[in-house]
Structure formats: structure tokens, C-alpha cells
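Me: I've got a structure open and want to talk through how its ligands are held. Can we go over it together?
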Amino acid sequence: MENTNQAKKKAFLTGITGQDGSYLTDFLLAKNYEVHGLVRHSSVFNRQRLEHIYQATRRSAQSFLEYGTDIEQKSNLILHYGDLSDGSSLARLIAKIQPDEIYNLGAQSHVQISFDIPEYTGEITGLGTVRLLEAIRETKIKTKFYQASSSEMFGNAEETPQKETTAFRPRSPYGCAKVYAYHTAVNYREAYGLFICNGILFNHESPRRGENFVTRKIAKGVAEIVAGKRDHIYLGNLEAKRDWGYAPEYVEAMWLMMQQEQGDDYVIATGETHSVGEFTEEIFSLAGIDNWEKYIKKNPIYYRPTEINALIGDATKAKNKLGWEPKIRFKELARIMLDAELKKLGIIVIRN
Ligand code: NAP
Ligand code: F7E
């Protein structure tokens with residue numbers, strides 16, 4: 001139970017409309033935070049992952065197409081227009097909000113797309129972090145800063161499993177941009193004594209995952225095959241292995257890092273690795289379909305110029321210092337993702 005007599009803490013999130021931003025918002029609102037989120041303008045309204053929060057006030061996110069009206073301002077969730085490419089908007093918002101905690105989750109986060117738009121990826125995923133840190137320094141506010149670092153930084157890692165001390169050997173423009181942001185965050189911690197954490201998170205998935213990431217793509221594709229809406233799924237490299245966890249558990253780890261006495265860097269992972277092929281097989285099997293390979297077509301467009309063959313994390317430090325451990329494992333994650341897609345198509349799932 002939260003102590004409601006304490007002053008409400010304020011958090012500022014970039015990337016609030018993304019997978020992690022939406023789960024972290026749920027988590028912080030449940031802890032009675034006032035949550036401020038950065039949203040960027042787009043021609044299509046994009047608040048789907050926050051819609052359930054607005055629905056709880058019997059309004060839809062659509063009612064807040066422009067600036068928040070009374071309900072938004074009276075509730076604990078407040079969205080602000082800005083962009084990680086626009087340093088002045090970040091400084092202005094940080095000065096206005098005076099957040100206790102800042103979570104920098106905004107990024108061009110798709111690895112393959114980063115090969116197509118490397119400069120933009122560096123601009124947002126790399127330099128965006130510098131802009132935020134400079135905004136903190138310039139406004140001189142006392143706050144804590146979380147940087148969304150990634151297992152992609154390890155790239156072709158020189159040791160297995162990967163931990164906080166493993167060297168970075170990135171294999172994509174996205175990985176390079178995250179390495180830059182990571183080192184900048186460490187440098188600002190050391191140079192200016194700021195409270196800064198890097199959460200080095202391995203892949204984490206959920207029904208809110210973007211549809212162009214492989215786990216969601218497979219879960220959605222298999223549900224559509226079950227519903228008779230499609231015959232095949234087009235995929236790339238089925239051999240690549242990833243350490244896949246469950247996103248709602250990973251946002252709790254972010255928050256735990258920010259409650260410590262000192263800023264530090266932590267690996268967050270399950271310690272299990274599986275190939276894309278194994279994930280595909282598991283989802284088909286849960287859907288009751290044999291011979292999964294006949295439903296998969298390989299398409300070269302989904303192969304990357306450089307690939308990371310295998311990643312697996314060692315989250316011992318997070319367990320010892322934060323008391324954090326993953327609960328949802330591979331098979332349970334696959335079930336959650338498939339069942340969510342089946343439900344969206346109106347297919348009732350009864351499992352023993
Ligand atoms: P995501 O679903 O792709 O969300 C990315 C967020 O960044 C969205 O809210 C997006 O806004 C926002 N964004 C993109 N460009 C922006 C810009 N120019 N200015 C402001 N905001 C911008 O990513 P995620 O899976 O939640 O991941 C959260 C963070 O963790 C990212 O930094 C990602 O790189 C990192 N990470 C993710 C994983 C993982 O497995 N999920 C693992 C390690 C690290 P729109 O909605 O407007 O596009
Ligand atoms: O690919 C292979 C692909 O795009 C996983 C981001 O959140 O996690 C994510 O990056 C694997 C790769 O995630 C398809 O080649 C095969 O080996 O789901 P993904 P990612 O690249 O691991 C890290 C930790 C982040 O930080 C990133 O922000 O799956 N794969 N066939 C495919 N991948 C995609 N997307 N689509 C396919 O058709």
C-alpha cells in the first residue's frame with residue numbers, strides 16, 4: 001500500500017507511447033506518481049498503448065487530440081508535445097515539470113530500420129540522450145535519469161553470458177547509437193555527479209510490442225493463420241538467438257534502479273536463449289498446428305547486413321542489488337503473446 005501523505009513524485013518519460021513507456025506509465029500511476037510524457041506530432045494519432053488509461057476516466061485518448069483539456073490536467077497523466085531532435089523543447093519541459101525521475105525510453109528502436117536511416121537513428125537514439133542530459137545540466141534541476149540501454153550494444157559479444165563488464169561490439173547503427181548514449185550517460189554521471197542509471201535490457205516482449213518486431217509478428221501471423229486470414233508468414237533469419245523476457249517485469253527493474261542510493265548500470269535478462277525458429281515452433285504448437293515450417297516463407301529483405309547470432313544475459317547484479325528476478329519464461333511469454341492475438345480476432349482460447 002502506498003503512503004498517500006507523501007508528496008506525489010513526478011516522472012517524465014520520453015517514449016511514453018511505446019511498449020515500455022506504456023507499461024512504465026501503468027506501473028508509476030499505480031504507485032501514485034504524476035506521470036508526464038513526451039509525445040511527438042504525427043499525422044496519424046498515436047496513443048493506442050495509453051488508451052486504456054483514458055478509458056478508465058470514461059474518455060478516449062482521441063478527446064485529447066490537441067493539448068490536454070481539463071481531465072488530462074486533473075489526472076495523473078499529462079502529455080506534452082516535443083521531440084528528441086528538439087533540445088529546446090526538452091529543456092523547456094524539464095524546467096516546467098521539475099521531474100524527480102526522468103526515463104529516457106524514446107528512440108528509433110528498430111535494428112533493421114537503423115541500417116536504412118542510420119543518420120536519423122544516431123540523431124534520436126544517440127544525440128537525443130545528450131540533449132536531455134544537457135537540459136538537466138542547464139536547468140540545474142535535481143533529478144534522477146534512466147537511460148534505456150540495450151543488449152544490442154554487446155553485438156558479437158566476446159563472452160557468454162553477457163554482463164555489465166562485457167565489452168561492447170555493436171553490429172548495427174542502432175547498436176552504435178546506443179553505445180554512444182551509454183558512454184555519454186556514464187560520462188555525465190562521473191563529470192557532473194548526476195544520478196544516472198543505464199538499464200542494459202535484453203529483448204523484452206508483450207502484446208504491446210510493435211508489430212514489426214519478430215515475436216509479435218509471429219504471434220499475430222499464427223493467430224491470423226488460425227483465423228483463416230492468411231496462409232504464410234514471411235520471415236528472415238530463423239537461426240538468430242535472443243534472450244526474451246516479459247516487458248511489464250522489465251519496467252519494474254527500471255524503477256528499482258532509480259530507487260537506489262547511487263546511479264549504476266544493470267543488465268536485465270532471463271538468462272535463457274532461444275532461436276527465432278524455436279519461438280516460431282512454440283507458437284505454432286500452442287496454436288495446435290503441426291509442420292510449422294510449411295507455413296514459413298523466407299524473405300531476404302528481413303536479413304540484416306550484419307546480424308547478432310546469439311545473446312544471453314546474466315542479471316546476477318540486478319538480483320543481488322535490486323532483488324529483481326524474471327518470473328515469466330519463454331513458454332509462458334509465447335502463450336501470453338499468442339492468446340492476446342487470438343483474443344483480438346475473437347477466438348476463445350481454452351487451455352488446460
Ligand atoms: P518502441 O515501442 O519502439 O517505442 C519507442 C518510443 O520512442 C515511442 O514512444 C516513439 O514515439 C518514441 N520516439 C521515436 N522517435 C522519437 C523522437 N524523435 N522524439 C521523441 N520520441 C520518439 O520501443 P520500446 O520497445 O518501448 O523500447 C523502449 C526503449 O528501450 C527504446 O529506447 C529502445 O531502444 C530500448 N530498448 C528496448 C528493448 C526491447 O526489447 N523492447 C531492449 C533494450 C532497449 P512514437 O510512438 O511517436 O513512434
Ligand atoms: O529481431 C530476427 C532478426 O527485430 C530479433 C529491439 O527492441 O531488441 C530488439 O531488437 C531477431 C533478429 O529484435 C525477422 O534478424 C527473423 O535476429 O524482434 P527483432 P532485435 O533486433 O533483437 C533489442 C534488445 C533492442 O534494443 C531493440 O530496440 O529476429 N528475425 N525474421 C526477424 N526480425 C524481424 N524484426 N522481422 C523478421 O521478419
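**Around the two ligands**

Reply: Sure, and keep in mind that this is a predicted model. Let's start with a side chain: an N or O atom in that of Arg209 is 3.2 Å from an oxygen atom of ligand 1.

Me: How much of ligand 1 does the protein bury?

Reply: Begin with the ligand by itself: taken alone, ligand 1 exposes 890 Å². Of that area, the protein buries 90%.

Me: Which element gives the most residues to the shell around ligand 1?

Reply: The elements giving two or more residues to that shell are helix 1 (19-30), helix 6 (118-139), strand 5 (144-150) and helix 7 (173-192). With 3 residues, the one giving the most is strand 5.

Me: Which residue has a polar backbone atom 2.8 Å from a nitrogen atom of ligand 2?

Reply: Oxygen atoms of ligand 2 have partners too: one is 2.8 Å from an N or O atom in the side chain of Asn203, and one lies 2.8 Å from a backbone N or O atom of Val214. For the nitrogen atom, the residue is Gly236.

Me: And how much of ligand 2 is buried by the protein?

Reply: On its own, ligand 2 exposes 690 Å². The protein's share of cover on that is 96%.

Me: Why does ligand 2 lie between two domains, and which are they?

Reply: Look at who supplies the shell around ligand 2: both domains give residues to it, so the ligand lies between them. The pair is domain 1 (10-206 + 246-268) and domain 2 (214-241 + 273-310 + 328-344).

Key: Residues numbered from 1 in each chain as written. Chains lettered and ligands numbered in written order. Predicted model: local features only at pLDDT ≥ 70, side-chain atom pairs only at ≥ 80, totals over all residues. Heavy atoms only, no water. Polar contact = N/O pair within 3.5 Å; in protein donor to acceptor, adjacent residues only side chain to side chain. Areas by Shrake-Rupley, 256 points an atom, 1.4 Å probe, with all protein chains shown as cover. Helix = DSSP H or I, 4+ residues; strand = E, 2+ residues; numbered from the N terminus. Domains from an automatic or database assignment.
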